[in-house]
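Student: Could we go through this structure together, by question and answer?

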Amino acid sequence: MLMSMMVLMFFNFWLKWELRLWFMMGFSFVSLKYLNVGYSGICEFYFFFDKSSSVLILLSFWTSSLMLLSSYKSVKSMNNKVGFFSLCVLLLCFVVIMFFLMENLIMFYLFFEISLVPTLLLILSWGYQPERLQAGMYMMLYTVSASLPLLLCLLLLGHREGSYSMSLISLLFIGDMSLYWIVGLLLAFLVKLPIYFFHLWLPKAHVEAPISGSMILASVLLKLGGYGIMRFVELFKILGSVYMIVLLVVCLWGGLLTSMICVGQSDMKSLIAYSSIGHMGVMLAGMISGFVVGWEGAILMMICHGLCSSGLFCLGNLIYEKINSRSLFLCGGMINYNPMMSLLLFLLCICNMGAPPFINLVSEIMLYISMYMYSNYLLFFILMMVFFGWIM
């Protein structure tokens, strides 16, 4: 699979767009068979593969193929650097899948950082306004400056333990880490997720990104942070730390604030971006709770949010292409002349807020159960977030 992706990167032929599209679409179906891997996972040299990584690899293939489909008019039809665009999408898909497969900590960090480069190219080359330069700089500064403490911590850990292998470190490592270690290890993933207080780059990047950039940002790149936290919390045994309680409160408080911010948004892309921050805050809070129902709900939330949010961004961009504005005030009455798109937008909106019969409802219920089991005092946050989520 990885070798064929590398061959397609250097493939220079007039059907390269179609070949890359069908390769990713085909492998999104082929990788369904890897969902039956055992809970302990498969470890092979530098690669580690388990339930959570297999689901996220499937999501990466599916979203990458939909990125090419959704950009057909703006890139392929207008002949807007077609080969370079499909190469950026394929390269980003390759880097993200390698990140989900890595078992070596330095390679894990390396692919986490490399994913920034194709995303930046997508925003700078195919973005809409001149402000895309500022949005790209915001994203670059936030993620790179937060990742440097992570690199330092990983190098110190590798020197102390004598290995960068996750499976070896999980056997050798003894818990009880200080605040500096926890901040250094988790800050990069918290910015990538992002949670409230580290989120300012995300609305800017989403608003200035093209349709494909918004889709991959919402669907896969935010999940790099969630997957990294999931791996590190399990690896370094920091779930029982008192600092995790502070992080849980920050997640819930940030989720509540971003839900309130969503109520006053008029820009479609900005609204969906802020709702993503709220959903990721709830997901991280359920993961930190440490209950199995919370972990399963967090993985389910990542998948559901990846599918739903990328669909919302795609429809928001289709509306922008029709009326040349993202303002909600100018979209009134769209049901009269485009009822099918309005129906699809309505279905995706109620899916995003967690209404039945969509599976988002199941993930949110699992996360709320885990938080209530963690502490009764979190019930206020949960009820308020449910209320604002339905308004949203």
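The questions below go from the whole chain to single residues.

Student: How far can I trust this model, and what is the average pLDDT of the protein chain?
Tutor: This is a predicted model. In the protein chain, 99% of the residues score at least 70. The average pLDDT of the chain is 87.

Student: Which element has the lowest mean pLDDT?
Tutor: Where pLDDT is low, predicted coordinates should not be read in detail. At the high end is helix α6, residues 105-114, with a mean of 94. The lowest mean, 76, belongs to residues 379-391, helix α19.

Student: How many helices and strands does the protein chain have, and what is its radius of gyration?
Tutor: The chain has 19 helices and two strands. For 392 residues the globule rule gives 21 Å, and the chain comes close to that, so it is as compact as a globular protein of that length. Its C-alpha atoms fill a box of roughly 60 × 55 × 40 Å along the principal axes. The radius of gyration is 20 Å.

Student: What percentage of the 392 residues is buried?
Tutor: Buried means under 20% relative accessible area. The accessible surface of the chain is about 16,800 Å², and 73% of it belongs to carbon and sulfur atoms. Buried residues make up 57% of the 392.

Student: Among contacts with a separation of 6 or more, what share comes from residues 24 or more positions apart?
Tutor: Take Thr63 and Met215 as an example: they are 152 residues apart in sequence, yet 7.3 Å apart in space, C-alpha to C-alpha. Across the protein chain, the share from residues 24 or more positions apart is 78%.

Student: Which helix gives the most residues to the largest nonpolar core?
Tutor: In soluble globular proteins, nonpolar side chains tend to be buried together. Here the largest nonpolar core has 114 residues, and those with the most contacts inside it include Phe100, Leu185, Phe232 and Met371. The top contributor gives 15 residues and spans residues 82-101: helix α5.

Student: How many residues are in the other core that lies apart from it?
Tutor: Ile272, Cys331, Met334 and Leu345 are among its members. The core has 15 residues.

Student: Which residues does Phe232 touch, beyond those up to four places away in sequence?
Tutor: Phe232 is one of the residues with the most contacts inside the largest core. Phe232 also belongs to an aromatic cluster, whose members include Phe99, Phe112 and Tyr227. The residues Phe232 touches are Leu105, Phe108, Leu150, Leu154, Leu185, Leu186, Phe189 and Lys237.

Student: What is the geometry of the Phe85 and Trp126 ring pair?
Tutor: The whole structure holds 24 aromatic pairs. In this one the ring centres are 5.1 Å apart and the planes stand at 80°. Planes over 60 degrees apart count as edge-to-face. So the pair of Phe85 and Trp126 is edge-to-face.

Student: Which two helices does that pair connect?
Tutor: Phe85 and Trp126 are both buried. The pair ties together parts 41 residues apart in sequence, because Phe85 lies in one helix and Trp126 in another: α5 and α7.

Student: Is Thr63 buried or exposed?
Tutor: Thr63 sits in helix α3, residues 51-70. Leaving aside neighbours within four places in sequence, Thr63 contacts Met215, Ile216, Ser219 and Val220. The relative accessible area of Thr63 is 2%, so Thr63 is buried.

Student: Where does the loop with Pro357 lie?
Tutor: The peptide bond from Pro356 to Pro357 is cis, with omega near 5°. Another cis bond joins Leu193 and Pro194, with omega about -25°. Pro357 is in the loop between α17 and α18.

Student: Is Phe45 buried or exposed?
Tutor: Phe45 has a positive phi, near 55°, although it is not glycine. Phe45 lies in the loop between β1 and β2. The relative accessibility of Phe45 is 67%, so Phe45 counts as exposed.

Student: What is the relative accessible area of Lys237?
Tutor: Lys237 lies in the loop between α12 and α13. Its phi is also positive, near 55°. Lys237 is partly exposed, with a relative accessible area of 42%.

How values were computed:
Residues are numbered from 1 along each chain as its sequence is written. Side-chain values use heavy atoms; hydrogens and water are left out. A nonpolar core is a set of buried Ala, Val, Leu, Ile, Met, Phe, Trp, Tyr and Cys residues joined through side-chain atoms within 4.5 Å. Buried means under 20% relative accessible area, exposed over 50%, partly exposed in between (1.4 Å probe, protein chains only). Helices (H or I, at least four residues) and strands (E, at least two) are DSSP runs, numbered from the N terminus. Contact means heavy atoms within 4.5 Å. pLDDT is the predictor's confidence in each residue, from 0 to 100. The radius of gyration is taken over C-alpha atoms; the globule rule is 2.2 Å times the number of residues to the power 0.38. Accessible areas come from the Shrake-Rupley method with a 1.4 Å probe; for residues, only the protein chains shown count as cover. Rings of Phe, Tyr and Trp (its six-membered ring) pair if their centres lie within 6.5 Å; planes under 30 degrees apart count as stacked, over 60 as edge-to-face and the rest as tilted.
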